[in-house]
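Reader: I'd like to go through the charged pairs here and hear what stands behind each label. Could you take me through them?

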Amino acid sequence: MITTIVLRVFERMHDRKLASIIATAGQNHVCDRTIRNWLSKRTGPNRQLLAEIMVDSQEQLRANLEEKAWPAEEIQAFIDGLKACTGLVSGVAFGLQNRCDQYPALLRLAAKIDLLEQKLGEHRANQDVRGWANTILDAKWIQDEQFEDPDTGTSAECTRQQLRQAQAWEELERPAAVFFVNTLFQLLATLDLEFGATYLAEWEATPFFAALLPRLNPRIDLEGKVSIRTTRNFYHYPTRRLLDATACMRIMRQSPLLKWPNRIPAAAKMVEWLQLRNCATLASNVAKWRSGRPLTAARFDELWDACFDFVPAAHRPSAPIPMLFAATLFSELFVQGSLAERNLTFVSPDPAFYLYWWKIQRQALESGSQALRFGTKPWMPALSV
């Protein structure tokens, strides 16, 4: 389910398990193992202890936001908004904002997903196959597109019919997969659009996250080849593409006219483009990140601050964490194993499926009561799909 995938992405971005994150945020009132037992419902928390953890977590968050020079009223609004989240998906979605109310459509969709999956979890625990299927069928917010499978040409009505007829969990696997994959990409496309309209407001509406999809090197001709020599430059990982975008955004922001560079930097020039010559640790990790090693939120923040050191701190743009979230999600979905371990599974997906959902969500968000507005500057062609 979507909660499971979002959790894996969240843990990957922080290089820690959820239990460890909660234990640390709670000032280590309890150990990781205790938190894991709570999450698995093997045991339940003492109410007083849980209250103490919540207070300490909020105070730590408050201190972190004060360090970033947030105004007091915005800090309180952010904490209140996080407390109001309905589950993990909406909590992670809320945390991707730089300020409250940046991504209202994303939060509405995330809350619907949380509530739906909570009900589905109850039906699963009760071994209620029909209740599980009917919960999806009866959800008023679900669109026809979420039941369509472009890979097989399966229509929305066909998927609904499969849900109606299912009498065993095995019979739900195919229609459930169609629904969850579509809804996951709907969620990501919504984030893409609201991120672009706020963080990159001067630029035209563009599927920014599509530039982060993994791909094989487009300069290598695969046609007619029996075997391919997999050099380092053969696979373009999502983290590599994120670093490419980061380097190009730095060059653009340094230009008085916000002019994009003519090309994406070569590997040998990446450290120079990122302005990391005086940051030995970050510079030494660039090649590893480009080769697929996970890039955490903390290291991306550090990298971003080093890249934009030429901008006064008060005017420095914050790190585009939603782009890191998208790159990490694509890594989770499409890249497994590694070349070093000789167990790499690398999928280079057709961007058409993501673009399909991006167009659907753009139409929905531009026709709503709080329609998104975009600028007119063209996005860098080499980062377009």
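Author: Sure, one term before we start: buried means under 20% relative accessible area, exposed over 50%, and partly exposed in between (1.4 Å probe, protein chains only). This is a predicted model, where local features need pLDDT of at least 70, side-chain atom pairs count only at pLDDT 80 or more, and totals for chains, interfaces and linings use all residues. Side-chain values use heavy atoms, with hydrogens and water left out, and residues are numbered from 1 along each chain as its sequence is written.

Reader: Why is R8 called partly exposed?

Author: R8 has a relative accessible area of 37%. That lies between 20% and 50%, so R8 is partly exposed.

Reader: What makes E332 and R8 a salt bridge?

Author: The rule asks for a side-chain nitrogen of Lys or Arg within 4 Å of a carboxyl oxygen of Asp or Glu. The closest N and O atoms of E332 and R8 are 2.7 Å apart, so the pair qualifies. E332 sits in helix α15 (residues 321-334) and R8 in helix α1 (residues 2-14), 324 residues apart.

Reader: And why is E332 called buried?

Author: Its relative accessibility is 12%, which is under 20%, so E332 counts as buried.

Reader: How do you know that D149 and R174 meet in a salt bridge?

Author: Their N to O distance is 2.3 Å, so it falls within 4 Å.

Reader: Is D149 buried or exposed?

Author: Buried, because 8% is under 20%. R174, at 44%, counts as partly exposed.

Reader: How many salt bridges does the rule give?

Author: Twelve.

Technical notes: Helix = DSSP H or I, 4+ residues; strand = E, 2+ residues; numbered from the N terminus.
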